[in-house]
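Dear colleague,

I am handing over to you the structure shown below. Please look through it first, and then read the findings set out after it.

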Amino acid sequence: MFADTYILLSDTCFLQVIEPLLRVLDSLATAQTVVLLAASIAHSPETIRRFVAAASARGFVVEVHNSHSPYI
């Protein structure tokens, strides 16, 4: 996949910011944008699951790259 823009988010995925974060991504991202969420998934696996579900429901293609956590 060719990306015209990369957006890096680092430990920004907290339960209370999922919807505001997705609204920002809706306004910034195009079909060629890659958003990388680097998060401490062992800290809040439920929040990551909710973010993935909400992003998928909005039409984002979500790939979870996680080889060490049983939570996701």
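The notes that follow move from the overall arrangement to the helix contact, the core and one residue of the first segment.

Please bear in mind throughout that this is a predicted model.

Overall arrangement

The protein contains 2 helices and 2 strands. Their order along the sequence is β-α-β-α. Of the 72 residues in the protein, 24% are buried. As for contacts between residues at least 6 apart in sequence, 77% of them join residues at least 24 apart.

The two helices

Helix α1 covers residues 18–28 and helix α2 covers residues 45–57. Their axes come within 10 Å and cross at roughly 40 degrees. An angle from 35 to 65 degrees is classed as oblique, and α1 and α2 are therefore oblique to each other. The crossing of α1 past α2 is right-handed. On the α1 side, the contact is formed by I18, E19, L21, L22 and L25, and on the α2 side by T47, R50, F51, A54 and A55. By character, the residues of this contact comprise 7 nonpolar, 1 polar and 2 charged.

The nonpolar core

Which residues form the largest nonpolar core? It has 9 residues, namely I7, L9, I18, L21, L22, L25, F51, A54 and A55. At least two residues of this core come from each of β1 (5–10), α1 and α2. The greatest contribution is that of α1, with 4 residues. As general background, nonpolar side chains in soluble globular proteins tend to be buried together.

Residue A3

A3 lies in the segment before β1. Is A3 buried or exposed? Its relative accessibility is 12%, and residues under 20% are classed as buried, so A3 counts as buried. Which residues does A3 touch, once its neighbours within four places in sequence are left aside? A3 is in contact with Q32 and V34. The C-alpha atoms of A3 and T33 are 5.3 Å apart in space, although 30 residues separate A3 from T33 in sequence.

To draw the main points together, α1 and α2 meet in a right-handed crossing, and the largest nonpolar core takes at least two residues from each of β1, α1 and α2. In the segment before β1, A3 is in contact with Q32 and V34.

With kind regards

Methods. Residues numbered from 1 in each chain as written. Predicted model: local features only at pLDDT ≥ 70, side-chain atom pairs only at ≥ 80, totals over all residues. Heavy atoms only, no water. Axes fitted to C-alpha atoms, helices over the stretch in contact; angles between N-to-C directions. Parallel < 35°, antiparallel > 145°, perpendicular 65-115°, else oblique. Left-handed = near helix turned anticlockwise from the far one by under 90°. Contact = heavy atoms within 4.5 Å. Nonpolar A, V, L, I, M, F, W, Y, C, P; charged D, E, K, R; others polar. Core = buried A, V, L, I, M, F, W, Y, C linked by side-chain atoms within 4.5 Å. Buried < 20%, exposed > 50% of the residue type's maximum accessible area, 1.4 Å probe, protein only.
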